[in-house]
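Here are some exercises to work through with the model open in your viewer. Try each one before reading its solution.

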Amino acid sequence: MQPIEIMKDVYWVGAIDYNVRYFHGYSYTTHHGTTYNAYLIVGEKIALVDAVYGPFAEEMFARISKIVDPTKIDYMISNHAEMDHSGAVPDVLERVPGATLVCTKRAVDVLQKHYPDGWNIQTVKTGDEIDLGGKTLRFYEAPMLHWPESMFTYYVEEELLLPNDAFGQHYATEQRFADEVDQEILWHEAEKYYANILWPLSRQVKRKIEEVLELGLPIKMIAPSHGLIWRKDPLEIVKRYLGWAKGERLQDKVLIVWDTMWQSTTKLARAMAEGIRDAGLTPLLRLIPHSDRSDIMAELLEAKGILVGSSTVHNDILPTVAPVLSDLEVLRPVGKKAAAFGSYGWGGGAVKRIEEALTRGKMEIVMEPFTVKWVPSAEELQRAYEYGRKFAETVK
Ligand code: FEO
């Protein structure tokens with residue numbers, strides 16, 4: 001339970017949760033676990049920036065105790081009221097009754113609804129500062145990144161940005177810095193995090209990032225509340241966020257996501273994949289029961305488009321397809337190019353349902369749906385190939 005000094009007088013005192021496999025209920029899979037990052041800034045006065053999830057409070061206190069007596073904490077800064085960061089706030093304020101809880105005005109209601117009242121609260125807004133004695137903490141409200149009450153803390157003298165959930169990843173490891181870990185896992189987890197949490201808020205993400213960039217704040221390090229800390233080229237993750245928010249940085253990939261009853265829809269998916277490949281893009285084939293829907297959304301973030309397929313059963317999609325459609329609807333990959341395909345017997349219905357979901361997700365349907373009755377003939381498979389090829393040409 002050692003703290004890690006991430007820069008002079010700033011310590012990571014968070015907790016590592018190797019075992020969590022779902023986040024936000026069961027809506028988001030976390031194959032690599034996560035961390036709840038809390039940071040202790042020690043000046044003449046002492047500030048704890050964010051806490052950890054409640055069950056990990058003792059782990060946080062054990063780390064803090066290696067640096068200072070926890071009762072010496074002056075400020076408990078809560079950038080975000082969600083329980084994975086505020087769960088241990090009551091533990092801090094019970095141990096240190098004199099400490100001041102610092103948060104946005106909007107956070108007060110949220111925190112008071114979650115936890116007992118009676119705390120010494122100081123609300124802050126953009127530009128407000130707290131002086132720890134030659135160490136200045138400045139606050140920036142960041143509404144909808146990703147809750148209305150969210151804010152960033154900026155340690156002025158050391159150019160350290162503490163943006164809570166923004167720029168995080170669910171990745172549990174003994175390492176603390178992004179440049180120390182497997183880059184493929186790191187970036188996949190960063191993409192997965194954006195796609196599954198921030199994608200529907202892209203407008204607000206874009207606005208806030210542009211606002212921060214316009215301020216010209218020098219940033220030496222970005223220490224988010226989940227996962228690894230960005231110290232080497234910290235603006236790279238900021239640039240990627242901006243690109244994701246604008247729908248840029250697209251890789252030459254097309255996702256084909258489907259489920260099948262008696263393999264007819266699978267035959268279509270494979271034929272379309274060949275067409276996509278021959279058109280110069282890489283098809284990513286994801287048979288839904290064997291694929292993770294949170295990972296599918298991460299892959300979609302940088303893909304040029306998506307084909308969604310299903311056999312028809314009871315005039316509707318296969319039930320396995322429903323959670324993916326639900327994600328596409330609520331995560332709103334606005335403007336992402338898409339089309340529907342599938343097979344049916346005596347009555348179609350699946351492609352209509354898929355198109356409705358794509359529309360609700362504000363995606364751009366670029367082709368009429370492709371359907372076949374019963375089993376695709378050789379001629380229909382050729383048409384599926386051409387369909388894939390045309391889709392690729394359209395989304396390039
Ligand atoms: Fe919005 Fe990591 O909580």
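**Exercise 1: a charged pair**

Asp-9 is buried, with a relative accessible area of 17% (buried means under 20%, exposed over 50%, partly exposed in between, with a 1.4 Å probe and protein chains only). This is a predicted model, where local features need pLDDT of at least 70, side-chain atom pairs count only at pLDDT 80 or more, and totals for chains, interfaces and linings use all residues. Residues are numbered from 1 along each chain as its sequence is written, and side-chain values use heavy atoms, leaving out hydrogens and water.

Task: find which side chain meets Asp-9 in a salt bridge, and say whether that partner is buried or exposed.

Solution. Step one: look for a salt bridge, i.e. a side-chain nitrogen of Lys or Arg within 4 Å of a carboxyl oxygen of Asp or Glu. Lys-8 fits, at 3.3 Å from N to O. Step two: check accessibility; Lys-8 has 60%, so it's exposed.

**Exercise 2: a link between helices**

Task: work out which helices are tied together by Glu-329 and Arg-360.

Solution. Start with the pair itself: their side chains form a salt bridge at 3.1 Å, N to O. Next, place them: Glu-329 sits in helix H10 (residues 322-331) and Arg-360 in helix H11 (residues 350-360), so the bridge ties parts 31 residues apart in sequence. Helices here are DSSP runs (H or I, at least four residues), numbered from the N terminus. Finally, accessibility: Glu-329 comes out partly exposed at 22%, and Arg-360 is partly exposed at 45%.

Terms used
Helices (H or I, at least four residues) and strands (E, at least two) are DSSP runs, numbered from the N terminus.
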